[in-house]
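Dear colleague,

Please find below the structure that I am handing over to you. A summary of the findings follows it.

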Amino acid sequence: RLTTSLRIVLAVPQQIVVAVWAVLVPAAAALAWLAALVDGRVPPWLRRFLSAFLRYQGQVTAWFHLLSDRYPDPLHTLEHPFTIEVPERARQHRLVTLFRLPLALPAIVLWSVFGVVLALVAIASWFVALALGRTTSGLQELGTFCLRYQLETLAYVLLLSASYPRLA
């Protein structure tokens with residue numbers, strides 16, 4: 001209950017790391033887009049950088065929204081219980097890559113709707129966790145569903161996945 005009540009304060013260092021990392025992500029995504037247009041694939045070093053950001057972003061969000069109890073560690077994103085499977089370096093269709101952002105717009109709109117739902121779930125989970133010492137499985141499942149869709153959308157936009165985000 002103590003870590004739940006102090007979650008906002010404890011999240012500040014994590015949010016600073018995410019913010020600093022996020023400054024580099026647009027340039028990395030632009031490089032990935034150019035590389036995918038030219039070669040049909042994202043270079044391995046760029047894919048590792050973007051994948052690590054995606055995993056860490058997911059772990060920070062999961063922890064902050066009470067979907068995970070483990071405090072995120074930016075240096076050990078693969079060892080966290082809230083793991084995100086990033087597909088192998090697959091070939092990207094150049095025409096789809098060229099129009100990736102316009103194609104992603106519906107998913108991005110739904111991402112923002114799920115962001116509101118995730119925030120409401122976090123607020124409800126916070127009150128439940130303070131009262132019961134844990135959250136309910138229903139709140140956990142709904143929050144995890146929303147976060148999974150958001151991360152799939154981010155993976156699609158960052159060219160880490162050729163698959164369009166799915167609701168199922």
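**Findings: a loop, two leucines and the helix packing**

Phe82 is found in the loop that joins H3 to H4. Please bear in mind throughout that this is a predicted model. With a relative accessibility of 15%, Phe82 falls under the 20% limit and therefore counts as buried. Its C-alpha atom lies 6.8 Å from that of Ser68, although Phe82 and Ser68 are 14 residues apart in sequence.

The loop between H3 and helix H4 (94-98) also holds Leu66. This residue follows H3. Leu66 is not a glycine, yet its phi is positive, at about 65°. Leu66 has a relative accessibility of 8% and so counts as buried.

A second leucine has a positive phi: Leu159, where the value is near 65°, again in a residue other than glycine. Leu159 belongs to the segment after H6. Its relative accessible area is 4%, so Leu159 is buried.

I turn now to the protein as a whole. The model contains six helices and zero strands, and from the N terminus on its elements run α-α-α-α-α-α. The radius of gyration is 17 Å, close to the 15 Å that the globule rule gives for 168 residues, so the protein is as compact as a globular protein of that length. Along the principal axes, the C-alpha trace spans about 55 × 30 × 25 Å. Of the 168 residues in the protein, 42% are buried.

The helix described in most detail here is H3, which covers residues 44-64. How far should its 21 residues span at 1.5 Å a residue? The expected value is 30 Å, and the C-alpha atoms at the two ends of H3 are 30 Å apart, which agrees. H3 is mostly covered, as 15 of its 21 residues are buried.

Which way does H3 run relative to helix H2 (residues 7-39)? The axes of H2 and H3 come within 9 Å and cross at roughly 155°. Because angles over 145 degrees count as roughly antiparallel, H2 is roughly antiparallel to H3. The crossing of these two helices is left-handed. As for the residues in the contact of H2 with H3, 23 are nonpolar, three are polar and one is charged.

H3 also packs with helix H6 (residues 137-157), at an angle of about 160° and with the two axes 11 Å apart. H3 and H6 are therefore roughly antiparallel to each other. Here the crossing is right-handed, whereas that of H2 and H3 is left-handed.

In summary, H3 is roughly antiparallel both to H2 and to H6. The loop between H3 and H4 holds Leu66 and Phe82; Leu66 is buried, and so is Phe82. Positive phi values are found for Leu66 and for Leu159.

Yours sincerely

Note on methods:
Residues are numbered from 1 along each chain as its sequence is written. This is a predicted model: local features need pLDDT of at least 70, side-chain atom pairs count only at pLDDT 80 or more; totals for chains, interfaces and linings use all residues. Side-chain values use heavy atoms; hydrogens and water are left out. Axes are lines fitted to C-alpha atoms, for helices over the stretch in contact, and angles run from 0 to 180 degrees between N-to-C directions. Helices (H or I, at least four residues) and strands (E, at least two) are DSSP runs, numbered from the N terminus. Angles under 35 degrees count as roughly parallel, over 145 as roughly antiparallel, 65 to 115 as roughly perpendicular and the rest as oblique. A crossing is left-handed if the near helix is turned anticlockwise from the far one by less than a right angle, and right-handed if clockwise. Ala, Val, Leu, Ile, Met, Phe, Trp, Tyr, Cys and Pro count as nonpolar, Asp, Glu, Lys and Arg as charged, and the others, Gly among them, as polar. The expected span of a helix is 1.5 Å times one less than its number of residues. Buried means under 20% relative accessible area, exposed over 50%, partly exposed in between (1.4 Å probe, protein chains only). The radius of gyration is taken over C-alpha atoms; the globule rule is 2.2 Å times the number of residues to the power 0.38.
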